[in-house]
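Here are my notes from going through this one, written for someone fairly new to reading structures. Keep the 3D view open and find each residue as you go.

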Amino acid sequence: MNRFFFIGLSVAVTAFLATNALLMFGDKSILAKDVYVSEYERAYANTYTEKLAKEALIEPLGATQIYVQDSEAIEQWLVSEGDVIEAGSELAMLNEAESEDQRAIWESERDALLQERGEVQSTKSSLESARSSQQSRSESRDASDNSTVTNGEGDTVELNVDLSVGVDVEVPQDGSYAAGIAQAEQQLAAIDSKLAVVEAQLAQSVSNPALISPVEGVVSSIQRNSEPLSIEIYSNERSFVTYVLEDEWQDVSEQDRVFVHAEGMGKAMPGTVLKKSQVPAEETRWLEAYRTLDPKEQKNPLAFYAVHIMTDEPIEASMPFGSKANASIITNEAADAVALPESWIFDRADMNGSVNALTEKGYAAAVPVMVNFDLNGKAVLSEGVVPGTVVVTDGKLENFTSPPAVFMPFPSEQPDFEFAKNTNWRNYIEYLLAR
C-alpha cells in the first residue's frame, strides 16, 4: 500500500513541477524571463581605415618628346641617356645644309599647333559662355541642352551637352560644362608644351643650328636609327606609378590618400592618387617591372590599370627612376566610428542589418544599423549604434517576439603572463594584504 502511495505521489509531484515549468518557461508564458548572455561589448569610437597595399615604381611626373623628321639633319648627338640637362642645353648639332628643310618642318608644325590651339580656346570660351548663361536661368533644363551661344570672336556656336546622370543624386547643372572645360584646359596645356619645343628650335641661329632642350630634366632615351629621330627627356619631378587589377579598380578613386615608402626615403610619405586610368595599361617597361614585382594570376591579361600617385612633398632627386616602392592606398576610412564583429549583426542584407543593444531598463532590443565597410572580421558602422552603447549577442535573442531582459557576467580583467612574470613578489603580497 505504501509503495503505490509513494509512486502516485511522485507522479503527481513530477506532473506538478513539469506543468509549472511549462507555464513559467514555455514560449507562451506571460512571466518575464531574464536571458543569460555571455558575450557583450561596450561600443567605443575609433578611426578605421581599409588599405590596399601595392607595389609601386618611381616615375617622372612628365616627359617631353622632341622629334626630328629628317635623319640627315642631325650631324652629331651631344648628349647620351642618363645625362642631366638644363633648359636651353644643346642636344645635337644640326647639319647646316639640311637645317633649312628641318626648319621648314618646324614652322609648319608651329602653324598647325597655333591653329589647333585657337580652335580649342574657342571651344573653351563657348563652354564658359554657355555655363554662365545656364547659371543665370532658374527654370529646369532638359536632359540634353541644345542651345546657341556667341563666343569671343563673335561667331554663333551650337552646343549639344548631355547632362544626363546615371545616379540617384542631385548633380549641379553645370557639371557637364565643367568637365568639358577641364578637358579643354588639358588639351591647351599639351599644345603649349609642344609649342615650347618647336619655338625653342626656331629661335636658334641659322648659322650655328642645334637641337635645343626646352626643359630641364634627364635624357631617358634617344632614337638614333629610325625616322623620325627623337629624344625623350624626363622631368626632374618624380611621382609613383602602380597598377590595379579588375577587381581592385572600383575600390580606388582619384584624391584617395596614400602612404608610400621606398629605400632611401627614411619614412613613409603621404600623398594622393593623382590619376586613375580607365583604359588598360600599354605594354611598357613600367608594366613589365610591376608584373615581376607583384606576380599574380590574372585571367584577363588586359585588366591592368595605371594609378599615378603624387606625394605631398617633392621626392629627393637622388632616388633614381624605376626604384621599387611600397604604396598603401586608403580605400575606406571612418573617423569616430563604431565597429562590431560581423557575426553580431543579424538579418543582414548587403550593408543593412540589426544588432541587439542593451536598453536603460536592461532589455536587449533590436537596433537597425548601416555598415560602412567590413574590415578584418569587423563591420564598421555608419549609423545605428553610438559610442557607449552596450551591444549583446546570443543566438536565442532573435527568437523572442518582444525584447527580453538579459543579465551578463561581471567583467573581469586578468594580467597576462608577461605582466605577472615581471611583477615583484613583494608587490603581490602587499596587494593580497590590502584586500
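The points below go from the start of the chain to its sheets, core, salt bridges and odd backbone spots.

1. First, a reminder: this is a predicted model. Every number below was computed from it, so read the points with that in mind.

2. Let's start with helix 1, which covers residues 2-25 and holds Phe-16. Is Phe-16 buried or exposed? Phe-16 is exposed, because its relative accessible area is 54% and the cut-off for exposed is over 50%. Phe-16 also belongs to a nonpolar surface patch of about 640 Å², together with Phe-5, Phe-6, Leu-9, Val-13 and Leu-17.

3. Next, look for the open sheet of three strands, where the order is 5-7-10 and the pairing is antiparallel. Which strands stand at the edges? They are strand 5 (74-77) and strand 10 (210-212): each has a single partner strand, so one side of each has no neighbour in the sheet. On average, neighbouring strands here are turned by 30° against each other, direction ignored.

4. Zoom in on strand 5 and strand 7 (residues 90-94), an antiparallel pair joined by three bridges. If you want one contact to click on, take Ile-74, whose bridge partner in strand 7 is Leu-94.

5. Ile-74 turns up again in the largest nonpolar core, which has 26 residues. Ile-74 is among the members that touch the most others, along with Ile-66, Trp-77, Val-79, Leu-91, Leu-211 and Ile-231. Several elements supply at least two residues each, including strand 4 (63-68), strand 5, strand 7 and helix 2. Which element gives the most to this core? That is helix 3, with seven residues.

6. Now for charges. Side chains of opposite charge can pair when their charged atoms come close. How many salt bridges does a search of the whole structure find? The count is 11. One of them joins Glu-55 and Lys-324, at 3.4 Å from N to O. This pair links distant parts of the chain, with Glu-55 in strand 3 (residues 46-60), Lys-324 in strand 17 (residues 324-341), and their positions 269 residues apart. Glu-55 is buried because its relative accessible area is 18%, and buried means under 20%. Lys-324, at 42%, counts as partly exposed.

7. Compare that with Asp-192 and Arg-117, whose closest N and O atoms are 2.7 Å apart in their salt bridge. Here the link is between helix 3 (residues 175-202), home of Asp-192, and helix 2 (residues 96-136), home of Arg-117, and the two residues are 75 apart in the chain. Asp-192 is partly exposed at 31% relative accessible area, and Arg-117 is partly exposed at 29%.

8. Two further salt-bridge items deserve a click. Asp-111 pairs with Arg-110, the closest N and O atoms being 4.0 Å apart. Lys-54, Glu-248, Asp-294 and Lys-296 are linked in a network.

9. Move on to strand 19 (residues 352-358) and strand 20 (residues 364-375), which pair antiparallel over seven bridges. Val-355 has Val-367 in strand 20 as its bridge partner. The hairpin of these strands has five residues between them, and Gly-362 there takes a positive phi near 90°.

10. Strand 20 is also joined to strand 21 (residues 378-383), by five bridges and again antiparallel. Met-370 stands opposite Glu-383 in strand 21. How many residues lie between strand 20 and strand 21 in their hairpin? There are two.

11. Finally, some backbone checks. Most residues other than glycine have a negative phi, and most peptide bonds are trans. Asn-376, in the loop between strand 20 and strand 21, is not a glycine yet has a positive phi near 55°. Asn-376 counts as exposed, at 76% relative accessibility. Asp-347 also has a positive phi, of about 55°, without being a glycine; Asp-347 lies in strand 18 (residues 346-349) and is exposed at 65%.

12. Last stop: the peptide bond from Glu-227 to Pro-228 is cis, with omega near -5°. You'll find Pro-228 in the loop between strand 11 and strand 12.

Definitions and conventions
Residues are numbered from 1 along each chain as its sequence is written. This is a predicted model: local features need pLDDT of at least 70, side-chain atom pairs count only at pLDDT 80 or more; totals for chains, interfaces and linings use all residues. Side-chain values use heavy atoms; hydrogens and water are left out. Patches are made of residues with over 30% relative accessible area and no salt bridge: like charges are joined within 9 Å, nonpolar side chains (Val, Leu, Ile, Met, Phe, Trp, Tyr) within 5 Å. Accessible areas come from the Shrake-Rupley method with a 1.4 Å probe; for residues, only the protein chains shown count as cover. A salt bridge is a side-chain nitrogen of Lys or Arg within 4 Å of a carboxyl oxygen of Asp or Glu. Helices (H or I, at least four residues) and strands (E, at least two) are DSSP runs, numbered from the N terminus. Buried means under 20% relative accessible area, exposed over 50%, partly exposed in between (1.4 Å probe, protein chains only). Two strands pair if DSSP finds at least two bridges between them. Axes are lines fitted to C-alpha atoms, for helices over the stretch in contact, and angles run from 0 to 180 degrees between N-to-C directions. A nonpolar core is a set of buried Ala, Val, Leu, Ile, Met, Phe, Trp, Tyr and Cys residues joined through side-chain atoms within 4.5 Å.
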